[in-house]
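Please open the structure in a viewer and keep the sequence panel at hand. The tour proceeds by selections, each followed by a description of what is found there.

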Amino acid sequence: MLDVVARSQRGRICEYARERDGPRLSTPLVVSSVEESDACIVAGEGGRVLRILGKEVPLESGLLSTANSGKDSEPVVKDGIEVVRLPLPEDFRVDDSAEIVVIPNGFELRHDPRRLVDAVIRVREAAGFGRLVCILGIAEPSSVALLSYMGVDMFDDSLSRAAGLNGMRLVPEAEINTGKDESASNVESLTREVALVRDFIRADRLRELCDQRSASVPSGVATLRIYDRVGYEYAEETCSTVGCRFCCNTVQALRRPEVMRFQNAIQNYRKPSCKRILVLLPCSAKKPYHISKSHRAFASAIHTAQHDTLVHEVIVTSPLGAVPRELDMFFPANAYDIPVTGEWKCEEKRFIRELVGGIISQGYDKVICHLGDDYELVEGLADMECTVVGDPTSPRSLENLDKALRTAAKDMDKVGYLEERNDYVRCVLQFQFGADVADAIMDADTYAIGKFPYWKIIREKDGKKVQLGMMTPERGMVSLTLEGAEIVAGLGHNIVEIQDFEIKGNLFAIGVVSADPSIRIGDEAIFVCNGQVRGVGMAEMCGREMTDLKRGIAVKTRHKVKL
């Protein structure tokens with residue numbers, strides 16, 4: 001029995017028990033060499049034996065732990081534990097009876113980041129979300145955060161003990177050669193670090209700990225770089241579309257999967273059709289941008305007359321590149337924090353120019369740059385007018401911005417606020433669900449009401465008004481009603497097929513038959529049974545996890561059909 005208590009991307013805290021009322025293990029977990037532990041490694045006649053909750057399985061299978069130790073060995077399955085040695089078989093599949101998958105010779109991967117990333121992803125994918133993954137011989141205080149982040153649930157203390165016996169003290173920040181027996185100190189440091197990893201998982205900030213710890217040793221830096229590059233799709237699957245505030249304090253943090261996902265989505269983003277004047281604005285420390293003091297000052301210069309419906313505000317920033325105003329409540333635009341020094345790294349300049357250039361290429365009659373000293377970031381992308389004198393929020397700068405907008409819009413046909421609002425909502429729906437959903441919801445009978453960021457989507461037909469969804473800053477995206485869910489499900493999006501029963505509260509994983517694999521934590525999830533919508537809510541698991549797990553809340557229900 002496996003319960004996922006908390007998660008931070010692939011990192012998770014699990015409660016595992018063989019029987020409902022039996023003893024339980026909580027992961028991330030250090031498998032000990034102390035025999036009294038519920039999870040330990042002991043010496044047996046043929047080598048090491050792994051003991052978990054009273055069940056034992058041999059780890060050596062009569063082989064020595066060499067680089068070729070796994071070539072001629074077959075996986076061993078006993079009492080729900082499957083032991084598979086490196087290198088992994090090409091067609092490796094986990095036995096149906098296995099609840100825990102163990103790699104006993106993980107030490108081979110310690111200084112081979114590419115093999116490590118490949119092995120972790122392959123074994124985790126084979127194991128799915130419903131099993132624990134244990135890799136032995138590789139954990140040390142500086143690496144457990146990254147191993148957990150990649151999806152490893154259990155480790156052992158053998159490497160830390162061996163390093164200590166050789167006079168090497170291991171702490172999360174470094175390796176220190178003391179020449180003394182540091183084995184006990186290393187195990188204590190490893191145990192403390194695993195406890196810290198748990199805290200960061202509960203706070204959904206495990207990636208920040210990885211950014212800090214990976215820099216302790218060169219192999220950690222290499223592993224995280226390779227994982228971000230080759231493991232993007234694997235990592236992104238478990239990235240939430242909602243989240244708490246986080247920091248991007250390192251270069252590698254610019255490549256976080258949720259950041260890369262946002263950049264990829266912006267590359268396909270289409271501007272509101274009514275917008276003819278583009279204004280490039282700097283970001284703010286306070287998020288979302290529109291509530292910050294600086295952006296309220298910008299608004300005082302932009303929204304001075306009805307020409308503001310022609311103006312498209314785009315915030316130029318790192319690590320996201322470009323954030324249209326209508327998307328500034330979406331995660332991670334509403335949550336990131338980054339050190340601001342006025343110095344831009346080459347990578348930041350590259351993706352800012354790429355994303356801003358893509359937006360400019362969609363066609364504007366006028367481009368106004370209100371970035372001040374950061375004009376260099378967009379210089380040469382278009383013929384643009386700069387309006388900043390000194391500080392972007394200075395009275396003279398704001399006056400210049402107001403005058404530039406009035407002059408640019410002077411001969412343009414004005415656009416009504418209803419048309420602008422409908423365009424905005426269409427773009428938000430396209431960003432969240434796709435162009436087909438945006439077109440289906442925002443048809444000729446549908447319009448949006450309210451003031452940003454509180455928008456309601458209303459369909460009026462045959463004298464009847466029906467609300468299809470609502471956007472609020474608390475959620476940061478559109479939340480559907482049952483009527484809106486009918487439209488989205490009719491196009492095949494965000495569907496969770498459930499067994500035939502009446503929804504009385506939240507939807508649990510045990511009731512899920514299948515789920516759209518594109519669903520991410522935080523997305524809209526629509527319960528469907530026999531082609532009929534039964535409810536809608538916010539996903540608490542990604543689509544594949546809903547199918548793999550048999551316990552836990554899959555979807556927090558917002559609306560449900562009464563049978």
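Two strands are taken as paired if DSSP finds at least two bridges between them. With that criterion in mind, select strand E23 and locate Lys456, which is the bridge partner of Ile449. The model under inspection is a predicted one.

**Confidence**

Colour the chain by pLDDT. The mean over the protein is 94, and 98% of the residues reach 70 or more. Then select residues 64-70, where the pLDDT is below 50. Beyond near neighbours in sequence, this stretch has 15 contacts in the model.

**The four-stranded sheet**

Return to E23 and extend the selection to its sheet. In which order do the strands of this open sheet of four run? The order is E22-E23-E24-E25, and the pairing is antiparallel. Strand E22 (446-449) and strand E25 (478-480) stand at the edges; each has a single partner strand, so one side of each is left without a neighbour in the sheet. From one strand to the next, the twist averages 35 degrees.

Narrow the selection to E22 and E23, the latter spanning residues 455-461. These two strands pair in the antiparallel sense over four bridges. Besides the pair already located, Tyr447 has Ile458 of E23 as its bridge partner. Five residues lie between the strands of this hairpin, and Gly450 takes a positive phi near 105 degrees.

Next, display the helices that pack on the sheet. Helix H12 (residues 417-432) touches E22, E23, strand E24 (464-471) and E25. The direction of H12 makes about 100 degrees with that of E22. Helix H14 (residues 482-490) also packs on the sheet, where it touches E23, E24 and E25. For H14, the angle between its direction and that of E24 is about 75 degrees.

**The three-stranded sheet**

Move to strands E5, E6 and E7. They form an open sheet in the order E5-E6-E7, with antiparallel pairing. Strand E5 (39-44) and strand E7 (55-58) occupy the edges, and each has a single partner strand, so one side of each is left without a neighbour in the sheet. On average, neighbouring strands here are turned by 30 degrees against each other, direction ignored.

Select strand E6 (residues 47-52) together with E7: four bridges join these antiparallel strands. Within this selection, Arg51 stands opposite Glu56 in E7.

**The largest pocket**

Select Cys283, Val340, Thr341, Trp344 and Asp374. Of the 35 residues that line the largest pocket, these are the closest to its centre. The pocket holds about 760 Å³ of space. Which elements each supply at least two residues of its lining? Among them are helix H9 (293-302), strand E17 (311-317) and strand E19 (336-337). By class, the lining of this pocket comprises 16 nonpolar, eleven polar and eight charged residues.

**The largest cavity**

Two cavities of 30 Å³ or more are counted. The largest cavity contains about 110 Å³ of space. To display its lining, select Arg7, Gln9, Arg10, Arg12, Arg124, Gly128, Phe129, Gly151, Thr238, Ile521 and Glu545. How does this lining divide by class? Two of its residues are nonpolar, four are polar and five are charged.

**Backbone geometry in the loops**

Three loops complete the tour. Select Thr27 and Pro28 first: the peptide bond from Thr27 to Pro28 is cis, with omega near 0 degrees. Pro28 is placed in the loop between strand E3 (24-27) and strand E4 (29-31).

Then select Ser318 and Pro319, which are joined by a cis peptide bond with an omega of about 15 degrees. Pro319 lies in the loop between E17 and strand E18 (321-324). Strand E17 has already appeared among the elements that supply the lining of the largest pocket.

Finally, select Asp204. Although Asp204 is not a glycine, it has a positive phi of about 55 degrees. Where is Asp204 placed? The residue is in the loop between helix H4 (183-202) and helix H5 (206-214).

Terms used: Residues are numbered from 1 along each chain as its sequence is written. This is a predicted model: local features need pLDDT of at least 70, side-chain atom pairs count only at pLDDT 80 or more; totals for chains, interfaces and linings use all residues. Side-chain values use heavy atoms; hydrogens and water are left out. On a 1 Å grid over the protein atoms alone, a cavity is a set of points where a 1.4 Å probe fits but cannot get out, and a pocket is an open set with protein on both sides within 12 Å along at least five of seven lines; lining residues have an atom within 4 Å of a point. Grid points are joined across faces, edges and corners, and a volume is the space filled by probe spheres set on the points. Ala, Val, Leu, Ile, Met, Phe, Trp, Tyr, Cys and Pro count as nonpolar, Asp, Glu, Lys and Arg as charged, and the others, Gly among them, as polar. pLDDT is the predictor's confidence in each residue, from 0 to 100. Contact means heavy atoms within 4.5 Å. Axes are lines fitted to C-alpha atoms, for helices over the stretch in contact, and angles run from 0 to 180 degrees between N-to-C directions.
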